[in-house]
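Reader: I would like a close look at one helix and at what surrounds it. Please go through it step by step, and then place it in the wider structure.

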There are 2 protein chains.
Amino acid sequence: MKTDLDALMASKSVDAILVTGPAQHNPAMVYLTGVGHMTEADVFKKRGEPAVLFHQPMERGEAAATGLQTINYSKYPLTELTEQAGGDRVRALAMRYQRMLEELAFEGGAVALYGKTEIGQALAVFDALRELVPRLHFVPEADDSLLMEAMATKDASEVERVRRMGAITTCIVGRVADFLSGQRAKDGVLINSTGEPLTIGAIKSRINLWLAECGAENPEGTIFAIGKDSALPHSSGKASDLLRTGQTIVFDIFPCEQGGGYYYDFTRTWCLGYAPDEVIQIYTDVYEVFQKMLAAYAVGRACGEYQNLACELFESKGRPTGLHTPGTEEGYVHGLGHGVGLNIHERPWFSTARASKDVISPGAVFTLEPGLYYPERGMGVRIEDTIWANPQGGFEILAEYPYDLVLPVKGG
Amino acid sequence: MKTDLDALMASKSVDAILVTGPAQHNPAMVYLTGVGHMTEADVFKKRGEPAVLFHQPMERGEAAATGLQTINYSKYPLTELTEQAGGDRVRALAMRYQRMLEELAFEGGAVALYGKTEIGQALAVFDALRELVPRLHFVPEADDSLLMEAMATKDASEVERVRRMGAITTCIVGRVADFLSGQRAKDGVLINSTGEPLTIGAIKSRINLWLAECGAENPEGTIFAIGKDSALPHSSGKASDLLRTGQTIVFDIFPCEQGGGYYYDFTRTWCLGYAPDEVIQIYTDVYEVFQKMLAAYAVGRACGEYQNLACELFESKGRPTGLHTPGTEEGYVHGLGHGVGLNIHERPWFSTARASKDVISPGAVFTLEPGLYYPERGMGVRIEDTIWANPQGGFEILAEYPYDLVLPVKGG
């Protein structure tokens, strides 16, 4: 949790955190500043001290609204620095950082660096900064970063924000279900009231409309994939595809608060009108694994154990998985889940490749998403909810929604 | 233009371009791949050769849809590489890049690096890569990058996409104007049909709804700021603020294609019901500068000249500007414009600090946005259109919209 930041910094011998980039759609910045409208900012936090926000002159109002101590970049005029740097903007930006660090009496040490920004310019600027301030070095972190560790458990206010996004998400999924059920099937294809066939593109437009209406965004898009595409776990679905009865539709929706706040992640698989026996069997297997996992979760256990357990369960049903068929593109081909927060994918990790270090901790918010995929048969099934490991040791689905496979349609 | 990439690489002695990050909301990646649903990818383009796309196994369908040559990351299994790296994921990711470069027979040289991604991990990985491949070095570029130079002029298909976003933008601005004009003012505050006062939050919700309906997104938010906030050029406006008559409303809207494609940028300033004389005078001055600039544009001239010209014009009317009052927060306090494309702010730059190198080239698409701000009087005015320097040497507003200051309201 955010309150653990200083302790995490101490345990990892990190002297300061530097977060850079815009204040929107930038998880690390949003974590420290809230969602504001700042196009460019830097937050510098020395261990044991409050964070300081550097901001553009024109964004001082938004900066003040964060409640952080603020310093205007205008104290270090870039025009002058660029002149001093002989017109070299990269060096001028590095010199500005140097001045900022001097202002905060930071003479060097281990800095953990975060923020979603243009990598080319940032790398050039930080290379130059390391030349200017040789005692400064950046801690090499991947997704084991101390910030991701802090973010991996949520406090009550964060859980409420995810829960609210869950309510919006399931409300919209319900609207989509109602809308589809209100249409008529003709020759195996869903048509609207004027007899035109419905497309996935039209469904996605409605989803976007309803998301906006509810004050949510889906910057990562929505997966609404039918048939062959539903068998490719991350195919988002072709806009021109028609909605055919009896085919699997994987509907994976993961919106966030406006401006890039907390996400929710949710999937249901539907067949319009009817489901072929083979699909019903696949669905039954996935649903059983889903329920068994939910029952098996325990605080303190390694996430990787559950990935293995899911693989074993699927294999016991004759479904190939990565456990004994590495690289398989048929059967159970992905991770069991991932943390959800300001990033749609964050810790704890449940996939084999990344799970080694993660355990289920109280406060974790993560997806449970078993699935089975058969590209050659054009069938895919995934069921996903977002789960909260609450402080009492319980596991709570943050937004309940029915698990029906078949969506009845008129004439279907 | 994109067709200039190889020539620009040659002129800057750049041997290859590497673009990393997701395929959505990542301008450099979208430029080379189009908008697809890929969570993580790398595009590597050697000079004089076509670009190659590396993609996640689960995103092979989306990768194929780009039309680029594709290589699946599964060729370099991260689990194995992480084992080889003794559990060090940063090093494993660097080793994967090393394998990818070997695959493309790239032995080192000057690489221009692009993409919006998490800076901390990327810096660590590219530090490690430079250790593994000592002959590779990254070209230090800021916003003078060769990619930004290519993007600074648009081909016909890009201009059509910006124009289409302009049509959506002005359509929505019209709907907002109609909606506001349809309401009633009571005691100087706009109320809806049930007598409740309207808030800026409610207006922004409608804007988001209409944007979604039109297939657009506004990842950077919308500025709808009244009174005191309108005098702070980048205040986005407080959701709880009421809509009072006679106050300046700066409405700056800059949506993009779904998934992070081309932007449009547009501002009008409105007063509901009536405008005080002082506001009319400010507005008249801004509009005059706007028209004089539009008439003065000529291909081949330096962008900075126009910024100076605008300052001089404003100063001749007694308005302070940065030209002779550096750091002023009153009067004309920002740049005259900026390029618009896959980035909401890109080249050519018109602001004093950044304009030095840029000239107006045929194919440039940029904003014209003079403004005047008086924080102590709670007044701000900005007028902005997006302009295309067409190949015939003409300057075309890509989406026309009226310049009325006063929006009549009922009872106002």
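Author: What follows starts with helix H10 of chain B, moves to the strands around it, and ends with the contact between the chains and a few local details. The model is predicted, so every value here is computed from predicted coordinates.

Helix H10 of chain B covers residues 277-296. At 1.5 Å a residue, its 20 residues should span 28 Å, and its end C-alpha atoms are 28 Å apart, so the expected and the computed span agree.

Which residues of H10(B) are buried? They are Val279(B), Ile282(B), Tyr283(B), Asp285(B), Val286(B), Val289(B), Phe290(B) and Met293(B). These residues cover an arc of only 160° around the axis, which puts them on the same side of H10(B). On the other side of the helix, Asp277(B) and Ala295(B) are exposed.

The buried residues of H10(B) pack against several elements of chain B: strands E12, E14, E17 (365-368), E18 (371-374) and E19 (379-382), and helix H11 (303-316). Three of these strands can be followed further.

Strands E12 and E14 belong to an open sheet of four strands in chain B, ordered E11-E12-E14-E22, with mixed pairing. Strand E11 (223-226) and strand E22 (406-407) stand at the edges of this sheet; each has a single partner strand, so one side of each is left without a neighbour in the sheet. Inside that order, E12 (residues 248-253) and E14 (residues 266-272) of chain B pair in the antiparallel sense over six bridges. One of the positions involved is Asp252(B), whose bridge partner in E14(B) is Thr267(B).

Strand E17 of chain B is another element that the buried residues of H10(B) pack against. In a regular strand the side chains alternate between the two faces of the sheet. In E17(B), Val365(B) and Thr367(B) are on one side and Phe366(B) and Leu368(B) on the other; all are buried, and both faces of the strand are covered. E17(B) runs antiparallel to strand E20 (residues 385-389) of chain B, and four bridges join them. Within this pair, Phe366(B) has Ile387(B) in E20(B) as its bridge partner.

Next comes the relation between the two chains. A rotation of 180° with 0.0 Å of shift along its axis superposes chain B on chain A, with an RMSD of 0.0 Å. That is the relation of a two-fold axis. The contact takes 57 residues from chain A and 56 residues from chain B. On the side of chain B that touches chain A, the elements that each supply at least two residues are helices H3 (60-65), H4 (78-84), H5 (89-103), H6 (119-132) and H9 (200-213) and strands E5 (109-114) and E6 (116-118). H6(B) gives the largest share, eight residues. By class, this side of chain B has 22 nonpolar, 23 polar and eleven charged residues. Of the interface residues of chain B, 100% are also interface residues in chain A, so the copies meet through the same surface.

Strand pairing also links the chains. Strand E6 (residues 116-118) of chain A and E6(B) pair in the antiparallel sense over three bridges, and Thr117(A) stands opposite Thr117(B) in E6(B).

In chain A, helix H6 (residues 119-132) has 14 residues and reaches 20 Å from its first C-alpha to its last, close to the 20 Å expected at 1.5 Å a residue. Ten of the 14 residues of H6(A) are buried, so the helix is largely enclosed by the rest of the structure. Among them are Ile119(A), Leu123(A), Val125(A), Phe126(A) and Leu129(A).

Some local details remain. The peptide bond from Arg347(A) to Pro348(A) is cis, with omega near 0°, and Pro348(A) lies in strand E16 of chain A. In chain B, a cis peptide bond joins Arg347(B) and Pro348(B), and Pro348(B) lies in strand E16 (residues 346-349) of that chain.

Leu342(A) is found in the loop between strand E15 (338-339) and strand E16 (346-349) of chain A. With 24 other C-beta atoms within 10 Å, Leu342(A) is buried. Leaving aside neighbours within four places in sequence, its contacts include Pro27(A), Tyr31(A) and Met151(A).

Conventions:
Residues numbered from 1 in each chain as written. Chains lettered and ligands numbered in written order. Predicted model: local features only at pLDDT ≥ 70, side-chain atom pairs only at ≥ 80, totals over all residues. Contact = placed C-beta atoms within 7 Å. Nonpolar A, V, L, I, M, F, W, Y, C, P; charged D, E, K, R; others polar. Pairing = 2+ DSSP bridges. Least-squares fit on C-alpha atoms with pLDDT ≥ 70 in both. Expected span 1.5 Å × (residues − 1). Buried ≥ 20, exposed ≤ 12 C-beta atoms within 10 Å, placed from the backbone. Arc of directions from axis to C-beta.
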